[in-house]
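Subject: Structure handover

Hello,

Here is the structure I promised you. Please open it next to this message and follow along.

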Amino acid sequence: MTVEQGLKQTDRAYDQLVEVNQMMTDAIFNAFLFTWQWWLGIGLFIFPWFIWILFRDKKNTGRLLLAGFITIILSLLIDLIAISYGLWSYPMKFLPISPVLFLPYHLSLAPVAVMFVLQVGPKVNLFFKGIIFAGIAAFGGMNLFDAIGFYNPRGWPTFYDFFIFLIIYIVASLFYKVDNYDEKISHT
């Protein structure tokens, strides 16, 4: 295949992606909008952040937000790769803005859960907390979302989800524990 043929092929693929997004947007407006599942999904976008604002460790808000942001980035990247290869999918869509990845799991549930776990028992072993978090997220959360149609594992083992959540938690925790947040820049 030549470069020119590759460019034409990517143009056709892009057109198909636009068509897929339109199909998903149609599903949101014609099948999902205002159903109990849709309301639950919208609530899962909003309520975790309200709860976090009320109960966060205010003196470590910056550290927690960095860990949450890292969680968002990692969960989006992992899902982008997995969805691209058909490893799993999210059949229920909530917003027509990039409906493939604009989901409450990435932007609310995962980061807020990680931030809460980080602030609870700060002296508890990182791996112990990570194992507890990953176990609840994978075996509890993902199986619940599968049961209500928010997640389709397509044969993907929940045990693998456990390791994904464990890695996300450990990486976010390492960013949370960076020790030079409070250093002042003295250069003029």
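Below is what I found, from the overall fold down to single residues.

**Overall**

Keep in mind that this is a predicted model. The chain has six helices and zero strands. Read from the N terminus, its elements run α-α-α-α-α-α. The C-alpha atoms fill a box of roughly 55 × 45 × 30 Å along the principal axes. Of the 188 residues in the chain, 37% are buried. Take the contacts with a separation of 6 or more: 75% of them join residues 24 or more positions apart.

**Helix α1**

Helix α1 covers residues 3–32, which is 30 residues. From first C-alpha to last, α1 reaches 41 Å. The value expected at 1.5 Å a residue is 44 Å, and the two are close. Gly6, Thr25, Ile28 and Phe32 are buried in α1. The buried residues of this helix pack against α2. Just past the end of α1 comes Phe34, with a positive phi of about 70°.

**Helix α3**

Helix α3 takes in residues 61–84, 24 in total. How far apart should its ends be at 1.5 Å a residue? The expected span is 34 Å, and the end C-alpha atoms are 34 Å apart, so the two agree.

The buried residues of α3 are Thr61, Arg63, Leu64, Ala67, Gly68, Ile70, Thr71, Ile72, Ser75, Asp79 and Ala82. An α-helix has 3.6 residues a turn, so residues three or four places apart point the same way. What covers the buried residues of α3? The cover includes α2 (36–55), α4 (104–119) and α6 (158–176). After α3 comes Gly86, whose phi is positive, near 70°.

Two residues of α3 deserve their own entry.

- Gly68 sits in helix α3. Its relative accessible area is 2%, so Gly68 is buried. Leaving out residues up to four places away in sequence, Gly68 touches Pro111 and Met115. Gly68 and Ala172 are 104 residues apart in sequence, yet their C-alpha atoms are 7.1 Å apart in space.
- Arg63 is also part of helix α3. Is Arg63 buried or exposed? Its relative accessibility is 17%, and the cut-off for buried is under 20%, so Arg63 counts as buried. A polar atom of the Arg63 side chain lies 2.9 Å from the backbone oxygen of Val178.

**Helix pairs**

Two packed helices are described by the angle between their axes and the distance between the axes. I have two pairs for you.

First, α2 and α4. Their axes come within 8 Å and cross at roughly 25°. That makes α2 roughly parallel to α4. The crossing is left-handed. On the α2 side, the contact is made by Gly41, Leu44, Phe45, Pro48, Trp49, Ile51, Trp52 and Phe55. On the α4 side, the residues are Pro104, Leu107, Ser108, Leu109, Pro111, Val112, Met115, Phe116 and Gln119.

Next, α3 and α6. These two pack at an angle of about 145°, with their axes 8 Å apart. Here α3 passes α6 in a right-handed crossing. From α3, the contact uses Arg63, Leu64, Leu66, Ala67, Ile70, Thr71, Leu74, Ser75 and Ile78. From α6, it uses Ile164, Ile168, Val171, Ala172, Phe175 and Tyr176.

**Gln119 and Leu54**

Gln119 belongs to helix α4. With a relative accessible area of 17%, Gln119 is buried. Which backbone oxygen lies 2.8 Å from a polar atom of the Gln119 side chain? It is the backbone oxygen of Phe55. Setting aside neighbours within four places in sequence, Gln119 is in contact with Trp52, Phe55, Arg56, Asp57 and Leu64. Of these, Trp52 and Phe55 are listed in the α2 contact with α4, as is Gln119 itself on the α4 side.

Leu54 lies in helix α2. Its relative accessibility is 60%, so Leu54 counts as exposed. Leu54 and Lys177 are 123 residues apart along the chain. Their C-alpha atoms are separated by 22 Å.

Best wishes

Methods: Residues numbered from 1 in each chain as written. Predicted model: local features only at pLDDT ≥ 70, side-chain atom pairs only at ≥ 80, totals over all residues. Heavy atoms only, no water. Helix = DSSP H or I, 4+ residues; strand = E, 2+ residues; numbered from the N terminus. Expected span 1.5 Å × (residues − 1). Buried < 20%, exposed > 50% of the residue type's maximum accessible area, 1.4 Å probe, protein only. Contact = heavy atoms within 4.5 Å. Polar contact = N/O pair within 3.5 Å; in protein donor to acceptor, adjacent residues only side chain to side chain. Axes fitted to C-alpha atoms, helices over the stretch in contact; angles between N-to-C directions. Parallel < 35°, antiparallel > 145°, perpendicular 65-115°, else oblique. Left-handed = near helix turned anticlockwise from the far one by under 90°.
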